[in-house]
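This briefing goes through the sheets, the helices and the cores of one protein chain. Please keep the sequence and the 3D view open while reading.

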Amino acid sequence: MVAGRHSWAPGSCGIVHVHSEFSHDGRDSLEGLRDFALEREISFIGLTDHAEDFDAGIYEAYSERCQLLSDDRVRLVPGLEFRFEGFPGLHLLALGLRSWISPATPAEFASQAPGLSGFTIVAHPVLPAYQVPAEVLATIDAIEVWNAAYNTRYLPDPRSMRLLHAAQRNRPEIVGTAGLDQHDARNDRETRVILLRPGAPDPLAELRAGRFTNAGRTMRFGSAVKWGPARLASLTGIRVLYDLMEGMQERVARALSARRRSRH
């Protein structure tokens with residue numbers, strides 16, 4: 001099923017993995033993100049600003065601002081994205097973080113974040129080459145199986161899905177999420193999480209319990225991502241072809257740009 005705009009019940013649509021201007025590479029103010037949500041009938045935003053841009057005081061002010069801008073139409077949920085020296089590409093998200101933490105290692109994140117967060121996610125597993133420490137998989141709530149920035153808005157990541165399925169063998173409660181990884185609201189890549197209980201008082205509790213559907217431009221699928229081998233193999237083939245075409249287009253664009261520069 002193709003996910004279209006306004007194809008879900010009011011109060012059910014959310015987005016996660018979103019950056020504001022509190023991140024060094026974020027463009028949008030919190031007020032601007034609220035307007036973005038209202039324009040698109042989004043009822044909650046799971047913010048994940050870069051932890052290295054914060055300290056305890058900034059995080060407190062940020063959380064207070066999120067609370068002030070939240071009402072029964074849009075909820076801004078404060079959260080952070082953590083990265084760790086010695087673990088290239090491993091980024092862990094803590095949504096609904098109730099107080100400032102500063103974990104130096106994935107193991108510290110695993111011990112600190114679950115008790116203070118509403119929902120935790122392994123972001124874009126492609127970046128750490130699908131290698132996630134065991135202590136993280138023992139505590140994390142979700143794996144991002146569709147990152148609209150790295151996987152594009154058109155197709156989820158079959159290798160992230162396989163990582164999720166492997167983790168579920170030990171912890172069936174781990175869910176798969178679609179995340180925007182948005183830094184500029186002018187480029188809405190359109191992935192959404194749709195709650196099965198519209199208007200639920202705690203959207204992060206709904207995500208943690210798996211009571212949601214992932215929706216993107218081309219497809220929808222449940223939080224458990226119950227895709228069999230045949231469907232995963234089909235997605236893998238399509239993904240390879242799409243990536244080859246995209247790579248070819250980029251090479252052509254670079255060649256044309258170089259040719260234009262050489263003429264001047």
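Which strands does helix α3 lie across, and at about what angle does it run to β6? The model is a predicted one. In it, α3 (residues 106-116) lies across β5, β6 and β7 (119-122), and its direction is at about 15° to that of β6. These three strands belong to an open sheet of 6 strands, and a further open sheet, also of 6 strands, has the order β4-β2-β1-β10-β11-β12.

**Sheet with β3 to β9**

- The strand order is β3-β5-β6-β7-β8-β9, and the pairing is mixed.
- At the edges stand β3 (49-50) and β9 (175-179), each of which pairs on one side only.
- Between β5 (residues 79-83) and β6 (residues 91-95) there are 5 bridges, and the pairing is antiparallel.
- Two of the facing residues are Arg83, whose bridge partner in β6 is His91, and Leu80, which stands opposite Ala94 in β6.
- On to the next strand, β6 and β7 run antiparallel and are joined by 4 bridges.
- Here Ala94 faces Thr120 of β7, and Leu93 faces Ile121 of β7.
- Ala94 thus has Leu80 opposite it as well as Thr120 in β7.
- β7 and β8 pair in the parallel sense, over 2 bridges; Val122 has Ile143 of β8 as its bridge partner.
- Helix α5 (residues 158-168) lies across β8 (142-147) and β9, and its direction makes about 165° with that of β8.

**Burial in β6 and β7**

- In β6, 5 of the 5 residues are buried, so this strand is largely enclosed by the rest of the structure.
- His91, Leu93 and Leu95 point one way from β6, while Leu92 and Ala94 point the other way.
- β7 is likewise covered on both faces: Phe119 and Ile121 are buried on one side, and Thr120 and Val122 are buried on the other.

**Sheet with β1, β2, β4 and β10 to β12**

- The order β4-β2-β1-β10-β11-β12 makes an open sheet with mixed pairing.
- β4 and β12 (220-222) are the edge strands with a single partner each, so one side of each has no neighbour in the sheet.
- On average, neighbouring strands of this sheet are turned by 25° against each other, direction ignored.
- β1 and β2 are paired in the parallel sense over 4 bridges, with Gly14 opposite Phe44 of β2.
- Helix α1 packs on this sheet, where it touches β1, β2 and β4, and its direction makes about 140° with that of β2.

**Helix α1 and its partners**

- In α1 (residues 30-39), the buried residues are Leu30, Leu33, Arg34, Phe36 and Ala37.
- Viewed down the axis of α1, these buried residues fall within an arc of 160°, so they line one face of the helix.
- An α-helix has 3.6 residues a turn, so residues three or four places apart point the same way.
- The buried residues of α1 pack against β1 (13-18), β2 (44-47), α2 (56-69) and β4 (75-77).
- The axes of α1 and α2 come within 10 Å and cross at roughly 35°, and the crossing is right-handed.
- Leu30, Glu31 and Arg34 of α1 make this contact with Tyr62, Arg65, Cys66 and Leu69 of α2.
- Leu30 and Arg34 are among the buried residues of α1, and they also take part in the contact with α2.
- Just after α1, the phi of Glu41 is positive, at about 60°.

**Nonpolar cores**

- The largest nonpolar core has 54 residues, and Ile45, Leu47 and Phe82 touch the most other members.
- Apart from this core lies another, of 15 residues, including Phe119, Ala123, Val175 and Val193.
- Leaving aside neighbours within four places in sequence, Ile45 is in contact with Ile15, Val18, Leu33, Ala37, Arg75, Leu76 and Val77.
- Of these contacts of Ile45, Leu33 and Ala37 are buried residues of α1.
- Phe119, one of the members of the core of 15 residues, is also one of the buried residues of β7.

Key
Residues numbered from 1 in each chain as written. Predicted model: local features only at pLDDT ≥ 70, side-chain atom pairs only at ≥ 80, totals over all residues. Heavy atoms only, no water. Core = buried A, V, L, I, M, F, W, Y, C linked by side-chain atoms within 4.5 Å. Buried < 20%, exposed > 50% of the residue type's maximum accessible area, 1.4 Å probe, protein only. Contact = heavy atoms within 4.5 Å. Arc of directions from axis to C-beta. Pairing = 2+ DSSP bridges. Axes fitted to C-alpha atoms, helices over the stretch in contact; angles between N-to-C directions. Left-handed = near helix turned anticlockwise from the far one by under 90°.
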